[in-house]
Amino acid sequence: FPVTIGVHIEDAHGLDEHSCDLILALLRRAHQFPMLVMITSRFGDNGEKPPFPEKLHEKFPDLPYLEIQLNTLDKPLVRALAENHLGGKISNDLFDTLLRYSNSNPFFIEQLLEYFEEQHLLIHQTEAWTLRDPAIQLSNSIYTILTARIDRLSGLAKETVKAASVS
């Protein structure tokens, strides 16, 4: 039977030199086996792409290479995601708050909405979901909100999330 190899490397922006060497060694053998290597990474805080995936492409130019950039959502999609999540229209105040605190990141939008629901910060009035307090002040860090959500989990669930997280 032919062997097919699939490798997924997540958070490549944080790879150390030894991990990079291991991946390079694996790719040197790529011509011997049907292989798919999927590498995911985040842009740096400065907005630059991590160098590792492009370095791989430079070292192995004959290997098929496809780069897909997942960007933030445009404003109409932010509104559509929130309305789909809540099952109804959203107010402009709620929309502006989502834009301000999520940076249009779909994961962060969903986490904010979950937080608002858990904290009973949303009300439905005049045919739209809105914040109880439109002047709500949240932490500028989405990580504070994520931590608050994790802290409310049961002991086992909280430990599982902590064990699965990557710092």
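This short presentation describes helix packing, one pocket and two loop residues in a predicted model.

Good morning, colleagues. Let me begin with the helices at the start of the chain. Helix H1 covers residues 17-28, and helix H2 covers residues 52-59. Their axes come within 11 Å and cross at roughly 35°. The crossing of H1 and H2 is right-handed. On the H1 side, the contact is made by Cys20, Ile23, Leu24 and Leu27. On the H2 side, the partners are Phe52, Leu56 and Lys59. By class, six residues of this contact are nonpolar, none is polar and one is charged.

Several of these residues return in the next topic, the second largest pocket. What is the volume of the second largest pocket? The value is about 170 Å³. H1 and H2 each supply at least two residues of its lining. Which helix gives the most to that lining? H2 does, with four residues. Reading along the chain, the lining begins with Ala12, His13 and Leu15, and continues with Cys20 and Leu24. Pro50, Pro51, Phe52, Lys55, Leu56 and Lys59 complete the list. The lining divides into eight nonpolar residues, one polar residue and two charged residues. Please note that Cys20, Leu24, Phe52, Leu56 and Lys59 line this pocket and also take part in the contact of H1 with H2.

I now turn to helix H5, residues 106-118, and to its packing with helix H3, residues 75-86. The axes of H3 and H5 lie 10 Å apart, at an angle of about 40°. The two helices are therefore oblique to each other. H3 passes H5 in a right-handed crossing. From H3, the residues in contact are Val78, Leu81, Ala82, His85 and Leu86. They meet Pro106, Ile109, Glu110, Leu113, Glu114 and Glu117 of H5. This contact has seven nonpolar residues, one polar residue and three charged residues.

H5 also packs with helix H4, which spans residues 92-102. Here the angle is about 125°, and the axes are 9 Å apart. That angle makes H4 oblique to H5. The crossing of H4 with H5 is right-handed. H4 contributes Leu94, Thr97, Leu98, Tyr101 and Ser102, while H5 contributes Phe108, Ile109, Leu112, Leu113 and Phe116. What are the classes of the residues in the contact of H4 with H5? Eight are nonpolar, two are polar and none is charged. Ile109 and Leu113 of H5 take part in the contact with H4 and also in the contact with H3.

Finally, I should like to draw attention to two residues in loops. Asp11 is not a glycine, although its phi is positive, at about 60°. Where is Asp11 placed? Asp11 sits in the loop between strand S1, residues 5-9, and H1. Ala12, which follows Asp11 in the numbering, is one of the lining residues of the second largest pocket. The other case is Asn103, a residue other than glycine with a positive phi near 55°. Asn103 belongs to the loop between H4 and H5, the two helices whose packing I described a moment ago.

Thank you for your attention.

Definitions and conventions:
This is a predicted model: local features need pLDDT of at least 70, side-chain atom pairs count only at pLDDT 80 or more; totals for chains, interfaces and linings use all residues. Side-chain values use heavy atoms; hydrogens and water are left out. On a 1 Å grid over the protein atoms alone, a cavity is a set of points where a 1.4 Å probe fits but cannot get out, and a pocket is an open set with protein on both sides within 12 Å along at least five of seven lines; lining residues have an atom within 4 Å of a point. Grid points are joined across faces, edges and corners, and a volume is the space filled by probe spheres set on the points. Ala, Val, Leu, Ile, Met, Phe, Trp, Tyr, Cys and Pro count as nonpolar, Asp, Glu, Lys and Arg as charged, and the others, Gly among them, as polar. Axes are lines fitted to C-alpha atoms, for helices over the stretch in contact, and angles run from 0 to 180 degrees between N-to-C directions. Angles under 35 degrees count as roughly parallel, over 145 as roughly antiparallel, 65 to 115 as roughly perpendicular and the rest as oblique. A crossing is left-handed if the near helix is turned anticlockwise from the far one by less than a right angle, and right-handed if clockwise. Contact means heavy atoms within 4.5 Å.
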